[in-house]
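Student: I should like to go through this model and ask, for each descriptive term, what justifies its use. May we look at it together?

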Amino acid sequence: MTREVRTDAAADRHTGRDDELLLRSKQDPTAFEPLVARHSAALHGYLVRRAPDAADDLLSELWLRAYAGRHGFDAARGTARAWLFGVARHVLAAHWRRLETEAPPGSARFTEGIVSDPWHAVDQRLDAAAVSPVLRHALAKLPAVERELMLLIAWEQLTPTEAASVVGIRPGTARSRLHRARTRLRERLGALVSSTQTSKTGESA
């Protein structure tokens, strides 16, 4: 009977909402384990789409940082999932800073400014995924934060509020920027498609 009670108690510690588990893990480290199982695939996908060659190592670094920093999680400021993606974003930024530091001055990597705007790395993944050049060109023209918000929602399936937490802005600000970004994207896509069609018509004539 005692053994059954202990088993049930252990099971209880490994169930519950992500926020509850992360908060509980501050006192009970074993409560952190289910978060790794639940979110590793999504976080690995986030890293693969931005740093494919280093994704496995970065995922390990991410979980080490998340575990070490779990006491800093505040449920009032966002969900556990958003917090984890925020950790992933910081891990990526540190990775890109290391690359820039190691790259010789004058090299392409040194001059890309990838830490402040990692579009070059993301664009390579979009190209590999055969995303329309027209869409890639339109995305490239968006401000970095607006583009990141859109990719977090489209690629990572985060909510606008979660995406706002990841990039460190207020939800209301994120919604305004998303509205502007979508408007700009529609306008630029329309202009680019129109330009492409006009060019093809001229060539056929």
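Student: What makes Phe-73 and Trp-83 buried or exposed?

Tutor: Both Phe-73 and Trp-83 are buried. The term buried means under 20% relative accessible area, exposed means over 50%, and partly exposed lies in between, with a 1.4 Å probe and protein chains only. This is a predicted model, in which local features need pLDDT of at least 70 and side-chain atom pairs count only at pLDDT 80 or more, whereas totals for chains, interfaces and linings use all residues. Residues are numbered from 1 along each chain as its sequence is written, and side-chain values use heavy atoms, with hydrogens and water left out.

Student: Why is Phe-32 counted as buried or exposed, and what of Trp-63?

Tutor: Phe-32 has a relative accessibility of 5% and therefore counts as buried. Trp-63, at 10%, is buried because this value is also under the 20% limit.

Student: How many aromatic pairs are there, and by what rule?

Tutor: Rings of Phe, Tyr and Trp (its six-membered ring) pair if their centres lie within 6.5 Å; planes under 30 degrees apart are stacked, over 60 edge-to-face, and the rest tilted. This rule gives four aromatic pairs. In one of them, the ring centres of Phe-32 and Trp-63 are 5.8 Å apart and the planes stand at 85 degrees, so the pair is edge-to-face. Phe-32 belongs to the loop between helix H2 (18–24) and H3, and Trp-63 to helix H4 (residues 55–68), so the pair ties together parts 31 residues apart in sequence. Ring pairs also link Phe-32, Trp-63 and Tyr-67 into a cluster.

Student: What are the helices in this chain, and how many are there?

Tutor: Helices (H or I, at least four residues) and strands (E, at least two) are DSSP runs, numbered from the N terminus. The chain has 11 helices and zero strands.

Student: How do you know on which part of helix H8 its buried residues lie?

Tutor: Helix H8 (residues 133–140) has Arg-136, Ala-138 and Leu-139 as its buried residues. Viewed down the axis of H8, they fall within an arc of 165 degrees, so they line one face of the helix. The arc is that of the directions from the helix axis to the C-beta atoms.

Student: What makes up the contact of H3 with H5?

Tutor: Contact means heavy atoms within 4.5 Å. His-39, Ala-42, Leu-43, Tyr-46 and Leu-47 in H3 meet Arg-81, Leu-84, Phe-85, Ala-88, Arg-89 and Leu-92 in H5. These residues divide into eight nonpolar, one polar and two charged, where Ala, Val, Leu, Ile, Met, Phe, Trp, Tyr, Cys and Pro count as nonpolar, Asp, Glu, Lys and Arg as charged, and the others, Gly among them, as polar.

Student: Why is Gln-157 called buried or exposed?

Tutor: The relative accessibility of Gln-157 is 54%, over the 50% limit, so Gln-157 counts as exposed. Gln-157 lies in the loop between helix H9 (144–154) and helix H10 (160–167). Its phi is near 60 degrees, a positive value in a residue other than glycine.

Student: What is the class of Arg-175, and where is this residue found?

Tutor: Arg-175 is found in helix H11 (residues 171–204). Its relative accessible area is 48%, so Arg-175 is partly exposed. Arg-175 and Glu-146 are 29 residues apart in sequence and 9.9 Å apart in space, C-alpha to C-alpha.
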